[in-house]
Amino acid sequence: MSEAYDVGELGRPGGVAVRCQGVVHLYRTFEGHDVVALQGVDLSIEPGERVAFLGPSGSGKSTLLTLLGGIQKPSAGRIFLGDEEISRMGERFLSRVRARRVSTMLQGSTRNLLPYATARQNIAFARLALSSSERKEVLDERDLLAKVGLEETADQVVSTMSGGQRQRLALACAVSTGPQLLLADEPTSQLSHEDRDHVIGLIHDLGDDLGTTIVVVTHQPEVAATFPRTVTMKGGRVGSEGRDGAEYVVIGAEGVVHLPTHLAAEWPPGTLVRIEPEQVDRLVVSRPRGEEEGLA
Ligand code: ADP
Ligand code: MG
């Protein structure tokens with residue numbers, strides 16, 4: 001693992017809470033169709049909590065992340081960072097939130113960086129909106145680049161860097177402002193195992209040192225395993241959650257429940273089931289015995 005991410009001198013520590021209420025998001029395609037990317041997300045994340053978002057491709061993970069980062073606005077529903085409702089903010093306030101309080105690493109290694117600028121210039125750019133007093137509080141550029149193993153690459157232009165170097169630089173830029181919320185969309189997808197562990201270590205160090213709230217989208221079980229909480233998206237909703245190793249499915253709007261993936265094959269769509277309350281905290285789901293004979 002890396003050396004400690006020592007940003008103790010940073011003056012604005014602490015994470016922010018995140019809350020989604022009935023968040024819906026539609027994309028209008030070029031042909032004029034609506035694609036429903038999120039259909040009613042309810043989610044609450046505590047200040048300083050660290051969460052991994054999982055789920056199949058197309059389940060809405062990236063969309064949700066861009067909404068939390070104030071990059072897009074939801075079509076409906078409300079999103080709060082702490083007490084502030086970012087889903088209602090105007091662009092002027094949102095740009096301040098993005099520049100100082102929330103850092104988002106978008107999916108893919110190229111979209112977070114200025115390709116024709118050097119590593120050093122990218123970090124300076126990420127910090128443009130900080131005030132001069134804030135600037136004194138954050139880690140200096142040389143230390144920041146050393147943390148992600150790019151000290152030798154400070155004056156190299158991004159377009160000549162490897163995918164792994166770009167992902168590490170994107171992380172350095174994202175943490176360079178000392179954010180209260182770090183959102184990272186598959187930040188380790190292009191890294192070797194060793195670099196992956198290093199980058200995930202840096203992300204957790206940020207949480208340890210600043211109490212930053214952290215949300216990471218990942219497909220990698222090794223990455224998810226380092227997070228105390230997982231949220232699994234399914235069809236634009238939160239399908240299930242894992243906390244401290246236990247799995248929970250989440251009841252959605254209108255009582256919708258997703259079966260855990262490993263059971264879904266044995267209980268295919270169209271299967272008739274009975275749901276009977278057994279106790280106040282227990283339901284029994286059963287399939288009629290005659291089902292194989294064609295009852296379903
Ligand atoms: P994930 O990150 O889980 O793969 P996304 O949030 O990228 O999911 O996508 C959710 C759904 O929204 C998918 O059906 C996807 O095709 C659609 N979608 C995402 N971005 C756009 C876009 N810019 N225009 C139209 N549809 C989109
Ligand atoms: Mg995605």
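**Figure 1. Strand 4 and strand 5 in the predicted model.** In this predicted model, strand 4, made up of residues 76-81, pairs with strand 5 in the antiparallel sense, and two bridges link them. Within this pairing, Leu81 is the residue that stands opposite Glu84 of strand 5. The two strands belong to an open sheet of four strands, whose order is 2-1-4-5 and whose pairing is antiparallel. Strand 2 (34-45) and strand 5 (84-85) stand at the edges of the sheet, and because each has a single partner strand, one side of each is left without a neighbour in the sheet.

**Figure 2. Strand 1 and its two partners.** Strand 1, which covers residues 18-28, pairs with strand 4 over five bridges, and the sense of this pairing is antiparallel. A residue pair to look for here is Val24, which stands opposite Ala76 in strand 4. Strand 1 is also joined to strand 2, in this case by nine bridges, and these two strands likewise run antiparallel. In that pairing, Arg19 stands opposite Ser44 in strand 2. Strand 1 and strand 2 together form a hairpin, with five residues between them, and in the turn Gly32 has a positive phi of about 95°.

**Figure 3. The residues around ligand 1.** Which residues surround ligand 1? Tyr27, Thr29, Val35, Ala37, Gly55, Ser57, Gly58, Ser59, Gly60, Lys61, Ser62 and Thr63 make up this shell. Two elements, strand 2 and helix 1 (61-68), give two or more residues each to the shell, and helix 1 gives the most, with three residues. Sorted by class, the shell around ligand 1 has three nonpolar residues, eight polar residues and one charged residue.

**Figure 4. Helix 1 and its surroundings.** Helix 1, the element that gives the most residues to the shell around ligand 1, can also be examined for its burial. Seven of the eight residues of helix 1 are buried, so this helix is largely enclosed by the rest of the structure. The buried residues are Lys61, Thr63, Leu64, Leu65, Thr66, Leu67 and Leu68, and of these, Lys61 and Thr63 are also among the residues around ligand 1. Just after helix 1 comes Gly70, which takes a positive phi of about 70°.

**Figure 5. Glu186 in its loop.** Glu186 lies in the loop that runs between strand 7 (181-185) and helix 7 (193-210). Although Glu186 is not a glycine, it has a positive phi of about 50°. Is Glu186 buried or exposed? Glu186 counts as buried, because 22 other C-beta atoms lie within 10 Å, and the cut-off for a buried residue is 20 or more.

**Figure 6. Asp208 of helix 7 and Gly48.** Asp208 is found in helix 7, the helix that follows the loop holding Glu186. With 12 C-beta neighbours inside 10 Å, Asp208 counts as exposed, since that class takes in residues with 12 or fewer. Asp208 and Gly48 are 160 residues apart along the chain, while their C-alpha atoms are separated by 8.9 Å.

**Figure 7. Ser95 of helix 2 and Ala129.** Ser95 has its place in helix 2, which is formed by residues 91-100. Because Ser95 has 13 C-beta neighbours inside 10 Å, it counts as partly exposed. From C-alpha to C-alpha, Ser95 and Ala129 are 9.4 Å apart in space, and in sequence they are 34 residues apart.

**Figure 8. The setting of the close-up views.** The protein as a whole has nine helices and 13 strands, and its domain assignment gives domain 1 (18-237) and domain 2 (266-296). The C-alpha centres of these two domains lie 41 Å apart. Along its principal axes, the C-alpha trace of the protein spans about 70 × 45 × 40 Å. A compact globule with 296 residues would have a radius of gyration near 19 Å, and the protein has 21 Å, which agrees. Of the 296 residues in the protein, 37% are buried. Among the contacts with a separation of 6 or more, 66% are made by residues that are 24 or more positions apart.

Technical notes:
Residues are numbered from 1 along each chain as its sequence is written. Chains are lettered from A and ligands numbered from 1 in the order in which they are written. This is a predicted model: local features need pLDDT of at least 70, side-chain atom pairs count only at pLDDT 80 or more; totals for chains, interfaces and linings use all residues. Domain bounds come from an automatic or database domain assignment. Two strands pair if DSSP finds at least two bridges between them. A residue is near a molecule or strand if its C-beta atom, placed from the backbone, lies within 6 Å of it. Ala, Val, Leu, Ile, Met, Phe, Trp, Tyr, Cys and Pro count as nonpolar, Asp, Glu, Lys and Arg as charged, and the others, Gly among them, as polar. The radius of gyration is taken over C-alpha atoms; the globule rule is 2.2 Å times the number of residues to the power 0.38. Two residues are in contact if their C-beta atoms, placed from the backbone, lie within 7 Å.
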